[in-house]
Amino acid sequence: MNLLRRGEYHAFEADGARYVYLVPSAAVFRLDDTSQAVLDALGENDIAPDTLIGSLGARFSAPTVHNAIGELLAARA
């Protein structure tokens, strides 16, 4: 089973929005609520995707969390 883990980034806020600066690519991304929740849920622990989706199920639909995970993986966050 593949576990999800946080990449190397620095989170910050500007003008009331949340962003991450991705160290490997020097890219900056604005986070939506779902992506922020995924990164917060990961914390410093590796988590199975299904466990992460289940833990956020009260706030977001499974497809929404799945899409956020895919986008974060593609960005290497």
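Alanine 14 has alanine 17 in E2 as its bridge partner, and that pair is a good place to start reading this predicted model. From there, the tour moves through an open sheet of three strands with antiparallel pairing, a helix H1 with seven of its 10 residues buried, and a largest pocket with a volume of about 160 Å³.

**The sheet and its hairpins**

- The strand order of the open sheet is E1-E2-E3, and the pairing is antiparallel.
- Strand E1 (9-14) and strand E3 (27-30) are the edge strands, each pairing on one side only.
- From one strand to the next, the twist averages 25°.
- E1 and strand E2 (residues 17-22) run antiparallel and are joined by six bridges.
- Among the facing residues here, tyrosine 9 stands opposite leucine 22 in E2, and alanine 14 is partnered with alanine 17.
- Which residue takes a positive phi in the hairpin of E1 and E2? It is aspartate 15, with a phi near 50°, in a hairpin that has two residues between the strands.
- On the other side of the sheet pairing, four bridges join E2 to E3, again in an antiparallel arrangement.
- Tyrosine 19 has arginine 30 in E3 as its bridge partner.
- The hairpin of E2 and E3 has four residues between the strands, and alanine 26 in its turn has a positive phi of about 60°.

**Helix H1 and what covers it**

- H1 is largely enclosed by the rest of the structure, because seven of its 10 residues are buried.
- The buried residues of H1 are Thr34, Ser35, Gln36, Ala37, Val38, Leu39 and Leu42.
- Their cover includes E1, E2, helix H2 (49-55) and H3.
- Serine 35 is one of the residues of helix H1, and its relative accessible area of 6% makes it buried.
- Leaving aside neighbours within four places in sequence, serine 35 is in contact with Ala68 and Leu72.
- Glutamine 36 also lies in helix H1, and with 14% relative accessibility this residue counts as buried.
- Not counting residues up to four places away in sequence, glutamine 36 touches Arg18 and Leu31.

**Glycine 43, just past the helix**

- Glycine 43 sits in the loop between H1 and H2.
- Its backbone takes a positive phi of about 50° just after H1.
- Is glycine 43 buried or partly exposed? Glycine 43 is partly exposed, because its relative accessible area is 22% and buried means under 20%.
- Glycine 43 and arginine 5 are 38 residues apart along the chain, and their C-alpha atoms are separated by 8.5 Å.
- For glycine 43 and alanine 77, which are 34 residues apart along the chain, the C-alpha separation is 12 Å.

**Alanine 77, in the segment after H3**

- Alanine 77 is found in the segment after H3.
- With a relative accessibility of 11%, alanine 77 counts as buried.
- Which residues does alanine 77 contact, leaving aside neighbours within four places in sequence? They are Arg6, Gly7, Tyr9, Leu22, Leu39 and Leu72.
- Two of these contacts lead back to the sheet: tyrosine 9 and leucine 22 stand opposite each other.
- Leu39, another contact of alanine 77, is among the buried residues of H1.
- Leu72 is in contact with alanine 77 and also with serine 35.

**The largest pocket**

- The volume of the largest pocket is about 160 Å³.
- Its lining consists of Leu3, Leu4, Arg5, Gly7, Val38, Leu39, Leu42, Ile69, Leu72, Leu73, Arg76 and Ala77.
- What is the lining made of, by class? It has nine nonpolar, one polar and two charged residues.
- Helix H1 (33-42) and helix H3 (62-75) each supply at least two residues of this lining.
- Val38, Leu39 and Leu42 belong to the lining and are also listed among the buried residues of H1.
- Alanine 77 is one of the lining residues as well, and so is Arg5, whose C-alpha atom is separated from that of glycine 43 by 8.5 Å.

Notes: Residues numbered from 1 in each chain as written. Predicted model: local features only at pLDDT ≥ 70, side-chain atom pairs only at ≥ 80, totals over all residues. Heavy atoms only, no water. 1 Å grid on protein atoms, 1.4 Å probe; cavity = no way out; pocket = protein on both sides within 12 Å on 5 of 7 lines; lining within 4 Å. Points joined across faces, edges and corners; volume = space filled by probe spheres on them. Nonpolar A, V, L, I, M, F, W, Y, C, P; charged D, E, K, R; others polar. Buried < 20%, exposed > 50% of the residue type's maximum accessible area, 1.4 Å probe, protein only. Contact = heavy atoms within 4.5 Å. Pairing = 2+ DSSP bridges. Axes fitted to C-alpha atoms, helices over the stretch in contact; angles between N-to-C directions.
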